[in-house]
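Colleague: Please take me through the structure shown below by question and answer, with every term explained as it arises.

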Amino acid sequence: MPGPALATPSKPFEDLIEEAPVVALLIDREQRVVAANEAGRRYFEIDPTVLPASLVEVTLEGNLVSVLRAGVPEGETHLVHHRRTVASKLVPGPRPGETLMFLTDVTELRRLERVRQEFVANLVHELKTPITSLRLTAESIFREPPAKDRRWFAERLVREADLISAIIDNLRQLAELESGTPVYESSTFDLVELIDQLRPRAGSRHPLTVASPDKLEITTDRAKLAQALGNLLDNAAKFSPETSTIDVVVQADADGVRLSVRDRGPGISPEHWQRVFERFYKVDKARPREAGGFGLGLAITKHLVQTLGATVSTEAAEDGGQVFTIVLPPYVLTDS
């Protein structure tokens, strides 16, 4: 005898779409959304009790109407209201005249693609100049210059080779930090003493003032904090007028330890404040690389402080210049 019949879902198609990991909207011939799956309701904040309703009313996105009218099976469009980018797929619905619109958010994917493209372009740009200089200098040596010029050419070769080596070393360190497996070596030390040891990083042409407690013991990775702070001092010296003061302020309270470095440079417009921590990003692209570096120091600083469980940010100083601030968590204080 045949066994008992297995129960089947009353709406297998609807149940399948409901659990789909992508946004699914069922649209009728009048361009009304008849139904939306869980992902769709969450993405567009749809109240299912208002359905059916027009596609624009439900999503607030006129571009999706254009996608529907175009009838192209697969495409990509920008959502103006949500400020996202989605890949779209249109397939016939379960009933005549209906269309299933599947949407996949690809905003982060496209951002990563742009970052990768910019990284390659910037790396090529940064390496092209020293490599061209190396070649021109080598060609000059082939012409057997006078003895008094040979030393200058040799020094130029060494300088450009050192620059390429520095770029490679910084990229290697960034790769290690971004891999998520940096070595963390905790120790207890006096933060004020560390700052004093880093004074030379501000350069001999920029007086360094320090406003801090007489002594402040913290427990964290000393080497990483020293490199992060040193990078901020380097950055302040590069963009400050000669003989101008660089200020370091240390504050400790229940919210943690704030370590600020302030320069007297031209400052940075607010639209650049987040991006200055990206690899190779330069606010002033016309600035000579000898003066402004090659845009990796702040990116390394960001990853170093993240390894410490800290944050780094920047803002304009009230009376000119720029302030970069590292905020260490409260638990680094030895008496917390």
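Colleague: In E13, which residue is the bridge partner of Ser260?

Modeller: Strands are DSSP runs of E with at least two residues, helices are runs of H or I with at least four residues, and both are numbered from the N terminus. Two strands pair if DSSP finds at least two bridges between them, and E11 and E13 pair in the antiparallel sense over 6 bridges. Within E13, the residue that bridges to Ser260 is Thr325.

Colleague: What kind of model is this?

Modeller: Residues are numbered from 1 along each chain as its sequence is written, and side-chain values use heavy atoms, with hydrogens and water left out. Local features need pLDDT of at least 70, side-chain atom pairs count only at pLDDT 80 or more, and totals for chains, interfaces and linings use all residues, since this is a predicted model.

Colleague: Which residue in E11 stands opposite Ala252?

Modeller: E10 (246–253) and E11 (256–262) are strands, and they pair in the antiparallel sense over 7 bridges. A hairpin with 2 residues in between joins E10 to E11. Opposite Ala252 stands Val257.

Colleague: How many of the 7 residues of E11 are buried?

Modeller: Buried means under 20% relative accessible area, exposed means over 50%, and partly exposed lies in between, with a 1.4 Å probe and protein chains only. By this rule E11 is mostly covered. The number of its buried residues is 6.

Colleague: Which helix gives the most to the largest nonpolar core?

Modeller: A nonpolar core is a set of buried Ala, Val, Leu, Ile, Met, Phe, Trp, Tyr and Cys residues joined through side-chain atoms within 4.5 Å. The largest one has 49 residues, and Val257, Leu259 and Ile326 are among the members that touch the most others. Elements that each supply at least two residues include helix H6 (147–178), helix H8 (222–239), strand E11 and strand E13 (322–328). The largest contribution, 8 residues, comes from H8.

Colleague: How many residues does the second, separate core have?

Modeller: In soluble globular proteins, nonpolar side chains tend to be buried together. Here a second core stands apart, and Ile46, Val58, Leu64 and Val65 are among its members. Its number of residues is 20.

Colleague: Over what arc around the axis of H4 do its buried residues lie?

Modeller: In helix H4 (residues 62–70), Leu64, Val65, Val67 and Leu68 are buried. On the other side of H4, Arg69 and Ala70 are exposed. The arc is that of the directions from the helix axis to the C-beta atoms. The buried residues are on the same side of H4 because they cover an arc of only 155 degrees.

Colleague: Is Thr77 buried or exposed?

Modeller: Thr77 lies in strand E4 (residues 74–79). Contact means heavy atoms within 4.5 Å; leaving aside neighbours within four places in sequence, Thr77 is in contact with residues including Leu64, Val67 and Thr85. Because its relative accessibility is 12%, Thr77 counts as buried.

Colleague: Which are the edge strands of the open sheet of 6 strands?

Modeller: The order of this sheet is E3-E2-E1-E6-E5-E4, with antiparallel pairing. One of the pairings is that of E4 with strand E5 (residues 84–92), joined by 6 bridges. An edge strand pairs on one side only, and the two that do so are strand E3 (53–54) and E4.

Colleague: How many degrees lie between the planes of Tyr43 and Phe44?

Modeller: Rings of Phe, Tyr and Trp (its six-membered ring) pair if their centres lie within 6.5 Å; planes under 30 degrees apart count as stacked, over 60 as edge-to-face and the rest as tilted. Tyr43 is partly exposed, with a relative accessible area of 24%, whereas Phe44 is buried at 5%. Their pair is edge-to-face, with 5.1 Å from centre to centre and, between the planes, 80 degrees.

Colleague: What is the arrangement of the rings of Trp152 and Phe153?

Modeller: Trp152 is partly exposed, with a relative accessible area of 44%, while Phe153 counts as buried at 14%. The ring centres are 5.2 Å apart and the planes stand at 75 degrees, so the pair is edge-to-face.
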